[in-house]
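The following exercises are to be worked through with the sequence and the structure at hand. Each task is followed by a solution in steps.

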Amino acid sequence: MDLDYKDRTFSFKKQRRQLRRRKIILLSGTIIVLISLLIFFNNNDLNKIKKIESLILNNKVLEGEKILSDIKGSIFHRHEKSELSGIISLIKNDITEGKKIFEDSDKKASGINFKKILNYLSDNVLYKGLEIYSDFLYRRGEDVSLYRILSKTALFKSDESEKLLKQFKHIPRSDTEQKLLKKITSLNNKIKLGKIEFIFDRDGLPLAYFDLTLNRSVSLIRGVTFDEFDLLFKEGIKFFRLTIEKQLQKKLKKLFRNNHGSFIIINLEDGSIKGIYSKPFSRSEKNSVFSTLYEPGSIIKILTLFTYLNNPSNIFPFDCKGYTTYDRKIFYDWTKHGKVESYLKALAWSCNLVFSKMGISSGSGNIRKNLDKFLFNSNPLKDMIISFEMGKYKKSINGEMDIANLSIGLEAIKISTFHSAFLSSIVSQSGIAKKPYLIESAQNAINLGFYSNKPDVINIFPNNRHYEDIRIAMKMVIDDKRGTGRRSKVQFIETAIKTGTAGKKSLGFDSVITGFFPYQKPRFAFAFRLERGGKAELAGAKFLKKFLISLYNENPNEKTN
């Protein structure tokens with residue numbers, strides 16, 4: 001009995017030891033699994049935090065914000081998540097939210113590469129964000145004095161900046177830091193003087209300064225205002241380099257001394273705008289070269305001809321009697337052209353009757369389709385902060401008279417001087433034209449670039465064979481002895497143009513001309529409108545001739561090849 005009892009007791013104790021051992025093993029395994037999971041989730045969050053940081057630095061803030069939202073509820077790396085949340089708010093320009101996040105955050109260090117973020121905010125001219133974030137890091141004990149000083153200067157707080165500079169005991173360790181301090185000191189001096197030159201031409205010559213007392217830009221050249229840049233500059237110091245040339249602007253000023261209107265010339269090589277001028281009768285029209293729409297008159301015949309050549313009918317030779325009838329209404333021409341043998345003569349002489357017949361024979365559907373393709377009724381073209389208005393026309397065309405007027409550029413259609421020059425650009429380049437632009441680059445307060453124009457191409461019926469036909473016809477506008485542009489002819493450069501006369505006789509007709517030059521190898525496209533200047537074949541042709549002489553510095557009496 002005693003032996004049996006002892007055996008059972010021993011067996012029971014053994015089972016208990018085995019059970020304890022299994023529990024210990026199970027508990028140890030559970031702890032190991034939990035630790036592994038914690039390590040996994042911790043590393044997973046850390047990897048995602050690094051991913052978010054990388055996305056931010058690569059301008060993919062929304063993608064980073066989405067990842068942050070997915071991990072925001074976990075217990076790991078809360079300091080980093082809070083910091084990233086504040087940074088994203090600042091980048092999205094939600095300054096109030098970003099400021100609140102950083103004011104509520106504790107001063108514990110995080111694993112965020114804050115110097116890269118500070119450089120990003122500076123490089124992208126997010127000065128208010130730079131100020132808030134650098135102040136937060138300073139309270140945390142980080143060495144960010146230079147960034148704080150820069151943010152104060154860039155936000156026009158020169159007194160605060162100079163105070164920080166005096167407290168700045170760190171000896172610059174590199175030439176870069178020394179140059180930075182010099183730039184900051186120079187900017188502080190300009191802020192105190194109240195004027196900062198901030199817009200420059202392609203050669204670095206100043207075009208405008210910002211008056212801190214008036215709180216607006218002041219143009220240093222005639223014919224251009226820079227109001228569009230004011231809001232950006234008020235958010236913090238920035239510098240802009242434009243494509244126009246100050247010396248050419250001076251020449252345009254002389255040409256417009258006794259004229260009102262607008263002018264533009266585009267470099268066809270890269271689409272850069274070489275010169276612009278606006279001097280409208282209406283003072284409310286700022287930079288009318290880009291913004292004001294008006295009747296194009298006969299320059300629209302370029303597109304009417306393009307439509308006709310792609311949808312030909314047998315209308316030549318055409319007998320122009322000076323008038324005809326559409327929808328029981330008389331449709332007039334400027335003169336009785338007589339026998340018009342070809343479309344070349346029709347464009348050279350600008351015969352309204354021929355082009356009205358072209359439009360009617362082509363059909364309103366084809367006319368509308370081509371106008372749409374040539375960017376009529378489209379949104380403005382954008383160049384960073386500048387808008388280039390495109391032409392408009394009424395979609396509702398009822399009857400032959402409406403088609404006739406649309407085909408010669410009257411009543412139902414309007415254009416801007418910019419769009420007019422762009423049409424010549426398209427024709428001269430066989431439908432493959434560089435998108436025009438005015439802003440070449442932009443720099444932050446310490447002259448580091450944050451914007452550079454990226455050349456773009458606009459294709460409109462690329463390489464259509466009839467572009468060459470139109471170019472020949474535009475050259476005949478000048479070369480033909482009855483051509484409406486013959487009075488603009490010079491010996492030193494071959495030019496191809498189309499003239500247009502629009503507006504009201506009672507006010508004095510508007511003279512409109514568009515074209516390109518040199519004819520054989522086009523380098524420039526241009527357009528201008530002389531408000532109340534008179535007929536294009538007279539006043540417009542005379543103005544064009546003066547412009548070409550001025551541009552090439554030619555003696556008008558010399559015959560140069």
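**Exercise 1. The enclosed space**

By the rule applied to this predicted model, the count comes to one cavity of 30 Å³ or more.

Task: State the volume of the largest cavity and determine which elements give two or more residues to its lining.

Solution. Step 1: The volume of the largest cavity is about 60 Å³. Step 2: Its lining consists of Ile300, Leu303, Thr304, Thr307, Ile367, Asn370, Leu371, Leu406 and Ser407. Step 3: Two or more of these residues come from each of helix H13 (301-310), helix H16 (364-373) and helix H17 (399-407). Step 4: Sorted by class, the lining holds five nonpolar and four polar residues, and no charged ones.

**Exercise 2. The two largest pockets**

Task: For the largest pocket and the second largest pocket, find the volume, the residues nearest the centre and the element that gives the most to the lining.

Solution. Step 1: The largest pocket holds about 510 Å³ of space. Among its 25 lining residues, Arg222, Gly223, Tyr277, Ser278 and Lys279 lie nearest the centre. Step 2: Helix H11 (246-255) and strand S6 (273-279) are the elements that give two or more residues to this lining; H11 has the largest share, with five residues. Step 3: The classes in the lining of the largest pocket are seven nonpolar, eight polar and 10 charged residues.

Step 4: For the second largest pocket, the volume is about 430 Å³. It is lined by 20 residues, and Asn119, Leu146, Tyr147, Glu177 and Leu180 are the closest to its centre. Step 5: Helix H5 (114-123), helix H7 (145-154) and helix H9 (175-193) each give two or more residues to this lining, and H9 gives the most, with five. Step 6: The lining of the second largest pocket divides into eight nonpolar, five polar and seven charged residues.

**Exercise 3. A helix pair**

Task: Describe how H18 is placed against H19, and list the residues that make the contact.

Solution. Step 1: Two packed helices are described by the angle between their axes and the distance between the axes. Step 2: The axes of helix H18 (residues 417-428) and helix H19 (residues 466-479) come within 9 Å and cross at roughly 120°. Step 3: H18 is therefore oblique to H19. Step 4: H18 contributes Ser424, Ile426, Val427 and Ser428 to the contact, while H19 contributes Tyr467, Ile470, Arg471 and Met474. Step 5: The contact of H18 with H19 comprises five nonpolar, two polar and one charged residues.

**Exercise 4. A hairpin and backbone exceptions**

Task: Describe the pairing of S8 with S9, then locate residues with a positive phi and the cis peptide bonds.

Solution. Step 1: Strand S8 (residues 323-326) pairs with strand S9 (residues 329-332) in the antiparallel sense, over four bridges. In this pairing, Thr324 has Phe331 of S9 as its bridge partner. Step 2: Most residues other than glycine have a negative phi, and most peptide bonds are trans. Step 3: Two residues lie between the strands of the S8 and S9 hairpin, where Asp327 takes a positive phi near 50°. Step 4: Met384 also has a positive phi, near 60°, and lies in the loop between strand S11 (381-383) and strand S12 (386-388). Step 5: Phe316 and Pro317 are joined by a cis peptide bond with omega about -5°; Pro317 belongs to the loop between H13 and strand S7 (318-320). Step 6: Another cis peptide bond, with omega about -15°, joins Phe517 and Pro518. Pro518 is placed in the loop between strand S20 (510-517) and strand S21 (524-530).

Terms used. Residues are numbered from 1 along each chain as its sequence is written. This is a predicted model: local features need pLDDT of at least 70, side-chain atom pairs count only at pLDDT 80 or more; totals for chains, interfaces and linings use all residues. Side-chain values use heavy atoms; hydrogens and water are left out. On a 1 Å grid over the protein atoms alone, a cavity is a set of points where a 1.4 Å probe fits but cannot get out, and a pocket is an open set with protein on both sides within 12 Å along at least five of seven lines; lining residues have an atom within 4 Å of a point. Grid points are joined across faces, edges and corners, and a volume is the space filled by probe spheres set on the points. Ala, Val, Leu, Ile, Met, Phe, Trp, Tyr, Cys and Pro count as nonpolar, Asp, Glu, Lys and Arg as charged, and the others, Gly among them, as polar. Two strands pair if DSSP finds at least two bridges between them. Axes are lines fitted to C-alpha atoms, for helices over the stretch in contact, and angles run from 0 to 180 degrees between N-to-C directions. Angles under 35 degrees count as roughly parallel, over 145 as roughly antiparallel, 65 to 115 as roughly perpendicular and the rest as oblique. Contact means heavy atoms within 4.5 Å.
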